[in-house]
Structures are given as structure tokens and as C-alpha cells.
Amino acid sequence: MNVSLNHPVNSMSDRVSTPLPQFKILGQPVHLAAEYTPWLIDRLKQGIGTHVVTMNAEIVIQASHDTELAKIVQQADLVTPDGSGIIMALRLHGIDQPRYAGIDLGEDLLRLAAQPEHNYPVFFYGGKPEIVNRAAQKWRAELPDLQIVGVEHGYLDADAKEKLLHQITTTQPKIIFVALGMSRQETWIRDNFHLCPQAIWIGVGGSFDVWSGVKNRAPQYIRNLDLEWMYRIAQEPSRWRRALALPKFAILAIAERIRG
């Protein structure tokens, strides 16, 4: 079993914190833990910034031929097992790691940020205007003490993008949610991390769609069966092309295990 228990978490700079165990799937790292929020909160308290990548099979396949994305993933401070394919691949190597979907991690961070002992300011960026605004409204209603210091959609012109960067620099949020779609959001975080070097930056993909109520998340029993991806395709048939990465990933992961 190729689990690195003493391997330090990769970082986008020389930041150092308690290492998490790491395992590589098709060359891409995944950090192993029953929970990630205590580790993230500890880094926030120390003033150590964190780029979080929520890993699924699609990202692994894209990274196999996109060297820029592969480098971003390998240098991220935390890579979590978001997709059921990642969990399957880990099980092939005898690793019992629970899945931690990016939307669940995002919700856990929001609830922690709203607690009086933390009171961390957060920022929402990405998605369509009506969706990101409704997502922010949902959390303001659910967590009245949550300090949302910025809400901006992902369809900005050049001037608006400059204003966005200025707003992030000025407000210095501690948790920044970015929903620009896979690879684009990871690249954007990499390019702008320096604006808030002590914050948690996390790409949340379609989480704003769910939080806004535009899309429904799979029922819990479907998630327990690791079939949430099928539910998403049923809701959004146009995703079928993206789903083709799943069988390719499975074949490659099995072949990697056979090779030892």
C-alpha cells in the first residue's frame, strides 16, 4: 500500500503545517483523513492559506493530458476525495477512506465560519448572477451570523474583474468559494491566491446551483450507494460526455492496481 504517512502536504509556497497522509491515484495526490475541517481551521488560526482541490475521476483524467492542471493539483495544499471513482480506486488498494463531497465540505466550512468563536468572513464568486445571489441569500437566512463580505457572479468584463480582485484584496475574506467550473476555477485560484494568502480557497463547482435551489442534490440513499453521478446525469443529460471519464478512469485505476 503506497500511503505516505510522513509526506508533507504540498504547498503553493513555503507554508508548513501538520502533514496529512497522502496516496496517489494515476499520478494525482489525494489526502486521507476522516475529517478535513479541523485541519483547515487549525491552518486558519495559524494564518496559513490553503488551496483546496476537490478531486473526482474527471479531474484525474483531464490532468493526465493537461500538464498545467496536473501541476496545480500536485501543488494544492489539500486534495479531498470528492468523487465515488476516487473512493473506488482507494479501495482497490485496501484504503478505507470516506467520500467527502466538495459541497459537504463547503457547507461544513460555512457553518464553522458562522460560529461566534470563529466569525470568519466569506466570499462567493462564480456562476450566473441570479444563482450566486440566491445561494448567498440561502446561507444568510440559514446562518444569520454568517459574515458574507462579497458576492460576485462569474460573467464579468475586464473592468469588473479588476474591481473583483480589489474587493477581495480589501475585504480579506478567510474562506473564498469559487464556482467557475472544473479546471478554470482551479487555475483562477492558483493565479489569485496571493491576494489573500491566509485564506481557504476552494473550488465548489456546481454547489451554487444546489444552494440556490436551481438543482436538487441526490437523496442520501443514492449518495450512500455512490451513485450521485448518475442522479446528476439524469437531471442534466448534457453531462453525459463528461461522464465518459468515469469508465476510462475505472479501467486505468484497475490496471494501475494490477501493476501494483
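# Putting names to numbers

Trainee: Why are helix 4 and helix 13 called roughly parallel?

Mentor: This is a predicted model, and here the two helices pack at an angle of about 15°. Angles under 35 degrees count as roughly parallel, so helix 4 and helix 13 earn that label. Their axes are 10 Å apart, and the crossing is right-handed.

Trainee: Which residues make the contact?

Mentor: From helix 4 you have Gly 85, Ile 86, Met 88, Ala 89 and Leu 92, and from helix 13 Phe 249, Ala 250, Ala 253, Ile 254 and Arg 257. Sorted by class, that contact has 8 nonpolar, 1 polar and 1 charged residues.

Trainee: Okay, what makes helix 1 and helix 5 oblique?

Mentor: Look at the angle again. The axes of helix 1 (residues 37-46) and helix 5 (residues 102-113) cross at roughly 50° and come within 11 Å. Under 35 degrees would be roughly parallel, and roughly perpendicular runs from 65 to 115. Roughly 50° fits neither range, so the pair is oblique. This crossing is right-handed.

Trainee: Which residues meet there?

Mentor: Thr 37, Leu 40 and Ile 41 of helix 1 meet Leu 105, Asp 108, Leu 109 and Leu 112 of helix 5. The classes come out as 5 nonpolar, 1 polar and 1 charged residues.

Trainee: Now Gln 28. How do you know that Gln 28 counts as buried?

Mentor: Buried means under 20% relative accessible area. Gln 28 has 5% relative accessibility, so buried is the word. You'll find Gln 28 in strand 2 (residues 28-31). Leaving aside neighbours within four places in sequence, Gln 28 is in contact with several residues, among them Phe 23, Met 55 and Val 60.

Trainee: What makes Arg 190 and Glu 68 a salt bridge?

Mentor: The cut-off is a side-chain nitrogen within 4 Å of a carboxyl oxygen. Arg 190 and Glu 68 come to 2.6 Å, N to O, so they qualify. Arg 190 is in helix 8 (residues 184-192) and Glu 68 in helix 3 (residues 67-75), so the bridge ties together parts 122 residues apart in sequence.

Trainee: Why is Arg 190 called partly exposed?

Mentor: Partly exposed sits between under 20% and over 50%. Arg 190, at 28% relative accessibility, falls in that range. So does Glu 68, with a relative accessible area of 39%.

Trainee: How many salt bridges does the structure hold?

Mentor: It holds 7 salt bridges. In one of them, the closest N and O atoms of Arg 111 and Glu 107 are 3.9 Å apart. Since the limit is 4 Å, this pair counts too. Both residues lie in helix 5, 4 residues apart, about one turn of the helix.

Trainee: Buried or partly exposed: which label does Glu 107 get?

Mentor: Glu 107 is at 18%, so it counts as buried. Arg 111 is at 35%, so partly exposed is the label there.

Trainee: What does Glu 142 do with Arg 111?

Mentor: Their side chains meet in a salt bridge at 3.0 Å, N to O. Glu 142 lies in helix 6 (residues 129-142) and Arg 111 in helix 5, so parts 31 residues apart in sequence are tied together. Through shared partners, salt bridges join Glu 107, Arg 111, Lys 138 and Glu 142 into one network.

Definitions and conventions. Residues are numbered from 1 along each chain as its sequence is written. This is a predicted model: local features need pLDDT of at least 70, side-chain atom pairs count only at pLDDT 80 or more; totals for chains, interfaces and linings use all residues. Side-chain values use heavy atoms; hydrogens and water are left out. Axes are lines fitted to C-alpha atoms, for helices over the stretch in contact, and angles run from 0 to 180 degrees between N-to-C directions. Angles under 35 degrees count as roughly parallel, over 145 as roughly antiparallel, 65 to 115 as roughly perpendicular and the rest as oblique. A crossing is left-handed if the near helix is turned anticlockwise from the far one by less than a right angle, and right-handed if clockwise. Contact means heavy atoms within 4.5 Å. Ala, Val, Leu, Ile, Met, Phe, Trp, Tyr, Cys and Pro count as nonpolar, Asp, Glu, Lys and Arg as charged, and the others, Gly among them, as polar. Buried means under 20% relative accessible area, exposed over 50%, partly exposed in between (1.4 Å probe, protein chains only).
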